[in-house]
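Please open the structure in your viewer and keep the selection panel at hand. The tour below goes from stop to stop, naming what to select and then what is found there.

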Amino acid sequence: MKIFCIGRNYADHAKELNNPIPTEPIVFMKPTTALVVNNKPFYYPDFTQDLHYEGEIVLRVCKNGRSIQLEFAHRYYDAIAFGIDFTARDLQERLKQKGHPWEIAKAFDHSAPISPWIPLEELPNPRDIHFQLRKNGQVVQDGHTRDLIFSFDALIVYLSRYFTLQKNDLIFTGTPSGVGPVQIGDVLEGFIEGRLMLTCAIK
Ligand code: MN
């Protein structure tokens, strides 16, 4: 199983971190040891003082394929989940300044809590999914997938040029604006279409 992640896929989030709007998808990966399931808590790691949440819609790949054409891309994913792309922002900034890969800031153990799946056919409008991240009950991120710079289908096309997509691969599709730090004791909750999907306590 591969876990792809897309950076800066919402213009308002690229702007809040003073990054340019990308002209092609920014791709990185996390290992399977990043996943956290069943609402297990997240333990604040000792290598960062600035751990950020990024609430994201995650796609589940449902069949194998490579060099997939745009018109067929929608056949390659069948469900979504709410995921958090935890980021050690201080570490990431240092790596970015040196032009180094940012894996240790993004792909560390337990950096990818994920909710159960919702089949796409159960969604009122799979092309515009509303999602929210709440921190201690306050809405801190409020996103609509209609605002994606690169759509689900465009991501399938792009990724499959470089990597064979395999059933059960995951794609974290990017975060809207409102990213920010967490502290020990905070509770994050992820919602899709108003439905509580994920709870993550920071310990
Ligand atoms: Mn992200």
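A charge is said to sit over a ring if NZ of Lys or CZ of Arg is within 6 Å of the ring centre and within 35 degrees of the ring normal. With that in mind, select R134 and F191: R134 lies over the face of F191, 3.8 Å from the ring centre. A second case to select is K63 with Y76, where K63 lies over the ring face at 4.8 Å from the ring centre.

Before going on, note that this is a predicted model, in which local features need pLDDT of at least 70 and side-chain atom pairs count only at pLDDT 80 or more, while totals for chains, interfaces and linings use all residues. Residues are numbered from 1 along each chain as its sequence is written, and side-chain values use heavy atoms, with hydrogens and water left out.

**The hairpin that carries F191**

Extend the selection to strand β14 (residues 187-192) and strand β15 (residues 195-201), which run antiparallel and are joined by six bridges; strands here are DSSP runs of E with at least two residues, helices are runs of H or I with at least four residues, and both are numbered from the N terminus. Two strands count as paired if DSSP finds at least two bridges between them. The bridge partner of F191 in β15 is L196. Two residues separate β14 and β15 in this hairpin, and E193 in the turn has a positive phi of about 50°.

**The manganese ion**

Which residues are the protein donors of the manganese ion? Select E54 (OE), E56 (OE) and D85 (OD), which lie 2.0 to 2.1 Å from the ion. Donors are N, O and S atoms within 2.8 Å of the metal (3.2 Å for Na, K and Ca), and water is not among the atoms, so sites may look incomplete. Along the sequence, the donor residues follow the spacing E-x1-E-x28-D. E54 lies in the loop between β4 and β5 (55-61) and D85 in the loop between β6 (77-84) and β7, so this pair ties together parts that are 31 residues apart in sequence. E54 is buried, at 4% relative accessible area, and D85 is buried as well, at 1%; buried means under 20% relative accessible area, exposed over 50%, and partly exposed in between (1.4 Å probe, protein chains only).

**K106 and the salt-bridge network**

Next select K106, which is found in helix α3 and is buried, with a relative accessible area of 3%. Leaving aside residues up to four places away in sequence, K106 touches F28, K30, E54, D85, F86, T87, R89, Q92 and S111, where contact means heavy atoms within 4.5 Å. A salt bridge is a side-chain nitrogen of Lys or Arg within 4 Å of a carboxyl oxygen of Asp or Glu, and K106 forms one with D85, the closest N and O atoms being 2.8 Å apart. Salt bridges that share partners join K30, E54, D85, R89 and K106 into one network.

R89 leads on to helix α2 (residues 89-98), whose buried residues are R89, D90, L91, Q92 and L95. What covers these buried residues includes β4 (51-53), β7 (87-88) and α3 (103-106). Just after α2, select G99, which takes a positive phi of about 70°.

**Links across the sequence**

The structure holds nine salt bridges. One of them joins K2 to D169, with the closest N and O atoms 2.8 Å apart. K2 lies in the segment before β1 and D169 in the loop between α4 and β12, so the pair ties together parts that are 167 residues apart in sequence. Both K2 and D169 are buried.

For the last stop, turn to the aromatic rings, where a search of the whole structure finds eight aromatic pairs. Rings of Phe, Tyr and Trp (its six-membered ring) pair if their centres lie within 6.5 Å, and planes under 30 degrees apart count as stacked, over 60 as edge-to-face and the rest as tilted. Select F4 and F163, a tilted pair with 5.2 Å centre to centre and 55° between the planes. F4 lies in strand β1 (residues 3-7) and F163 in the loop between α4 (152-162) and β12 (170-172), so the pair ties together parts that are 159 residues apart in sequence. Is each ring buried or partly exposed? F4 is buried, with a relative accessible area of 0%, whereas F163 counts as partly exposed at 29% relative accessibility. Finally, select Y10, F82 and F131, which form one aromatic cluster.
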